[in-house]
Amino acid sequence: ALPAGAAPAQEGIDDPTRAPYYDSFKGKRVAYVPVAMGFDLAEGWAMGLKEALEPLGVTIDTRDPNWSTDTGAQAITSLIAEKPDVIVVHNPDVQSYARLLKKAEEAGIYVVQVNMRSSYSTDVFVGADYVGMGEQIGQRMVDKCSPANGGSGKVAITQGVLTAAASIYQMQGINNVLSKNPDIQLVSNQAADWDATKAKNIAATVIQQHPDLCMIVGFWDVMDVGTAAAIKESGKNVYLLTQGGGNRMVCDGIANGTYSESVVYFVPGQSRDMATMIKHLLQHKQAPGTTKTTLFTPLIFLSKENMTPASCWDLPAKS
């Protein structure tokens, strides 16, 4: 007999939530439709989704429209017929996929939107609060360029695609601030369609017309490589505020003076948010389209002053 008060050695008990957790992901399919593959944001989200979900038995199926909105719409149409469990979509603009995303949810497919919204809200949106971001950027224009602070008051904006959520919502935020600061003069506001060559030509012309230009705000760091080249060639001291997903390229660019500052929505954090929401949807099994969750990405204004080695992330080398 055991002495009084002694208990047999604990053999351990199984965690009752384990089996249902793993069962809810086995054999599930996530289809991913970016605007294109082959650039940091799209590759980074794909990598993050794979790292988080593939070990659980989820397959990730990527359809690359390669910058063609029509091809993207066709891909989503095919997917509605194929019925994956989840579609992750990066919208090229607010209108093109709106009806299709609604159809996908009606067909019983969860829809997660990343970083650029459609006018139609789906189960999940993960991405930057572009109105809030625009307001913060407008404030940087005032702080850096207002005549009261020693600036010329002249600023320029290079947008991506005019109908993209990143452009429409951001301009709303910037205008909210500039409408209260009449001493800031927006001398140019043009779209470069996410293209570095177009961005370079726009910047070169604006600097020529306004040699005392104080700042250019560009809406994507990959495009703004062109803007930076035009500033460098002009020999002028123009502050370049860009934005993007925080890939290593932007830290290198800030370090070497290509960019003055970047607003970073950190891609690995967005991937984790998307994967977490997908896990949530697949476990709860609520009907697609019945809940709407927005997860705004924390923004970091990155400059030489606050940059650390951990501020940016690296894409793995292609094997």
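Which residue stands opposite Met215 in β8? Keep that question in mind while you open the structure, which is a predicted model, and begin the tour at the strand that holds Met215.

**Strand β8 and its neighbours**

Select residues 215-218, which form strand β8, and look at the directions of the side chains: Met215 and Val217 point one way, Ile216 and Gly218 point the other way, and all of them are buried. In a regular strand, side chains alternate between the two faces of the sheet.

Now add residues 154-159, strand β6, which pairs with β8 in the parallel sense over four bridges. Here the opening question is settled, for the residue opposite Met215 is Val155.

Next add residues 239-244, strand β9, which runs parallel to β8 and is joined to it by three bridges. Within β9, Leu241 is the bridge partner of Val217. To follow the chain between these two strands, select residues 224-234, helix α8, through which the chain crosses from β8 to β9 in a right-handed β-α-β crossover.

**The nonpolar core**

Two residues of β8 return at this stop, since the largest nonpolar core has 83 residues, and those that touch the most other members are Leu53, Val88, Ile137, Met141, Met215, Ile216 and Ile278. Helix α10, residues 267-284, gives this core its largest share, seven residues.

Select Ile137 and display its surroundings: leaving aside residues up to four places away in sequence, Ile137 touches Gln170, Ile174, Val217, Leu241, Gln243, Val263 and Phe301. Val217 and Leu241 in that list are the bridge partners already visited in β8 and β9. A second core, separate from the largest, has 16 residues, among them Ile76, Ile80, Ala98 and Val111.

**Helix α3**

Ile76 and Ile80 lead to the last stop, because both are among the buried residues of α3, where buried means under 20% relative accessible area. Select residues 69-82 to show this helix of 14 residues, which reaches 20 Å from its first C-alpha to its last, close to the 20 Å expected at 1.5 Å a residue.

Colour Gly72, Ala73, Ala75, Ile76, Leu79 and Ile80, the buried residues of α3, and then turn the view to look down the helix axis. These buried residues fall within an arc of 155 degrees, so they line one face of the helix. On the other side of α3 you will find Asp70, Gln74 and Ala81, which are exposed.

To see what covers the buried residues, show β1 (29-33), β2 (59-62), β3 (86-89) and α4 (98-106), which are included in that cover. Finish at Lys83, which follows α3 and has a positive phi, near 55 degrees.

Terms used. Residues are numbered from 1 along each chain as its sequence is written. This is a predicted model: local features need pLDDT of at least 70, side-chain atom pairs count only at pLDDT 80 or more; totals for chains, interfaces and linings use all residues. Side-chain values use heavy atoms; hydrogens and water are left out. A nonpolar core is a set of buried Ala, Val, Leu, Ile, Met, Phe, Trp, Tyr and Cys residues joined through side-chain atoms within 4.5 Å. Buried means under 20% relative accessible area, exposed over 50%, partly exposed in between (1.4 Å probe, protein chains only). Contact means heavy atoms within 4.5 Å. The expected span of a helix is 1.5 Å times one less than its number of residues. The arc is that of the directions from the helix axis to the C-beta atoms. Two strands pair if DSSP finds at least two bridges between them. A crossover is right-handed if, with the strands pointing away from the viewer, the path from the first strand over the helix to the second runs clockwise.
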